[in-house]
Amino acid sequence: MAKMTVITERCKGCGLCTAACPKKIVALQKEKRNKKGYFYAECTDQSACIGCAMCAMMCPDCAITVEK
Amino acid sequence: MERNLMKGNEALAEAAIRAGCKCFFGYPITPQTELAAYMAKRMNKSGGVFLQAESEIAAINMVLGAASTGVRAMTSSSSPGISLKSEGVSYIAGSDLPAVIINVERGGPGLGGIQPSQADYWQATKALGHGDFQLLVYAPASVQEMVDYVVKAFDRADKYRMPAMILADGLLGQMMEPVTFPEINPDAYDKSGWAANGHKMQREHHIINSLYLKPDELENSIVERYKKYDIIKETETEAELYLTEDCDVLVCAFGATARVVKSAVNDARAQGIKAGLFRPKTLWPFPVKEINEAAKNAKALLSVEMSMGQMVDDIKLAINCSKPVHFFGRTGGVIPTPAEVLDEIKKIGGNL
């Protein structure tokens, strides 16, 4: 099973990963922020992740890791 | 030349260090913090001083002190922090000292937001502090330009003995792009005539001061400074003109917004609307000659900004209101999309 993790402190909430995900399971946080004040990205449904790593490839800050 | 992939804020810091910046004083604020963090890591190793001050006001006055001794000094902040620094900036200008101030803009007023904005245009070009003075204001639109303009800002600040500002925004600060660093000569200007760096009983005292109690003396000092500004207005303006030769609609934008506008201009051209882009790289002095050149065949102008409309005033002044000037902007941290700008261009293009 694939697992997607975000280094939240490196995320600036640009949302590119949310657009890149073919399963539409990456979303920006609506309540929690990182230390810089940005709403960070997270996986809303790990079980649906297919491990394609499109989100990681798209991330301009290398904040996403995908493990298979 | 070596190419590096760097975040905008880090590129600003690295460029400053390579430009011979020996003193950095700052206070963290999103979206500018990476700049100070990078300085904290690198400055000590490159033989300079990094100091996180207790406040923005302390930081800018430390810059004033360091600049008085003739070393290259800078500070950086984002919009609310720059407001705090404005008193010190006025003192630096009043004392004729070179310094570089970086503003990675975010939404305002007040604490505003932390997403990119361009609503500090008026502050930077018209009123960053009290009194009769100006700053050199550079508006880069890419990470490479941020590097180039930091180098230039240090150079011109030394040349004219005045503060220079890099007016970036959160979008540029947080963006990663490849950059190359130019060769730099930090000692191009002789400061021995005024720097207060110890006379060792071998020369006259150098006094750095902005207080003139006799009105005619103060007037003279300001008139002298404005003669310098006249030279700068003649020689230091820079702008990018893109497809302006035959354009009907001239779209004006600076900084990150200009990149959005460029896409919209290309889309408009593909749909048969003759659009062009005018991008001032120096906001003060405003490129008056260049905009008149760009607008010579245009029927209407459109200013696109991440604010409620600030540069649009300078555009009207620059072309003497000889043509209609429209405005489109998003503010509060919202970035306009190429599609929105294209719709605006179509609206204006359709009514010609």
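Strand β6 (residues 136-138) of chain B pairs with β12(B) in the antiparallel sense, over 2 bridges. That's a good way into this predicted model, since the pair sits at one end of a 7-stranded open sheet in chain B. Chain B also has a second open sheet, with 5 strands. On confidence, chain B averages a pLDDT of 95, and 100% of its residues score at least 70.

**The 7-stranded sheet**
- Within the β6/β12 pairing, Tyr138(B) has Thr282(B) of β12(B) as its bridge partner.
- Reading across the sheet, the strands of chain B come in the order β3-β2-β4-β5-β7-β6-β12, and the pairing is mixed.
- The edges belong to β3 (49-52) and β12 (282-284) of chain B, each of which pairs on one side only.
- From one strand to the next, the twist averages 20 degrees.
- Helix α1 (residues 8-18) of chain B lies across β2 (21-26), β4 (72-77), β5 (99-105) and β7 (163-169) of chain B, and runs at about 175 degrees to β5(B).
- Helix α6 (residues 143-160) of chain B lies across β2, β4, β5, β6 and β7 of chain B, at about 165 degrees to β7(B).

**The α1/α2 helix pair**
- Helix α1(B) also packs with helix α2 (residues 33-42) of chain B, at an angle of about 40 degrees and with the axes 7 Å apart.
- That angle is neither under 35 degrees nor in the 65 to 115 range, so α1(B) counts as oblique to α2(B).
- The crossing of α1(B) past α2(B) is right-handed.
- On the α1(B) side, the contact is made by Asn9(B), Glu10(B), Leu12(B), Ala13(B), Glu14(B) and Ile17(B).
- On the α2(B) side, the contributors are Glu34(B), Leu35(B), Tyr38(B), Met39(B) and Arg42(B).
- Sorted by class, this α1(B)/α2(B) contact has 6 nonpolar, 1 polar and 4 charged residues.

**The 5-stranded sheet**
- Here the order is β9-β11-β10-β13-β14 (chain B), again with mixed pairing.
- β9 (239-242) and β14 of chain B are at the edges with a single partner strand each, so one side of each has no neighbour in the sheet.
- Neighbouring strands are turned by 20 degrees against each other on average, direction ignored.
- Strands β10 (residues 249-252) and β13 (residues 300-305) of chain B pair in the parallel sense over 4 bridges.
- One bridge in that pairing has Val249(B) partnered with Ala300(B) of β13(B).
- Helix α9 (residues 256-270) of chain B packs on this sheet, touching β9, β10, β11 (275-280) and β13 of chain B, and its direction makes about 165 degrees with that of β11(B).
- Helix α12 (residues 338-350) of chain B packs on the sheet too, touching β10, β11, β13 and β14 of chain B, with its direction at about 160 degrees to that of β13(B).

**Backbone oddities to look at**
- Most residues other than glycine have a negative phi, and most peptide bonds are trans.
- The Thr30(B) to Pro31(B) peptide bond is cis, with omega near 5 degrees, and Pro31(B) is found in the loop between β2 and α2 of chain B.
- The Trp284(B) to Pro285(B) bond is cis as well, with omega near 0 degrees; Pro285(B) is in the loop between β12 and α10 (288-294) of chain B.
- Asn320(B) isn't a glycine, yet has a positive phi of about 55 degrees, in the loop between α11 (311-318) and β14 (325-329) of chain B.

**The chain A/chain B contact**
- The contact takes 5 residues from chain B and 5 residues from chain A.
- On the chain B side, those residues divide into 2 nonpolar, 3 polar and no charged.
- For the complex, the predictor gives an ipTM of 0.71 and a pTM of 0.91.

Note on methods:
Residues numbered from 1 in each chain as written. Chains lettered and ligands numbered in written order. Predicted model: local features only at pLDDT ≥ 70, side-chain atom pairs only at ≥ 80, totals over all residues. Pairing = 2+ DSSP bridges. Axes fitted to C-alpha atoms, helices over the stretch in contact; angles between N-to-C directions. Contact = placed C-beta atoms within 7 Å. Nonpolar A, V, L, I, M, F, W, Y, C, P; charged D, E, K, R; others polar. pLDDT = per-residue confidence, 0-100. Parallel < 35°, antiparallel > 145°, perpendicular 65-115°, else oblique. Left-handed = near helix turned anticlockwise from the far one by under 90°.
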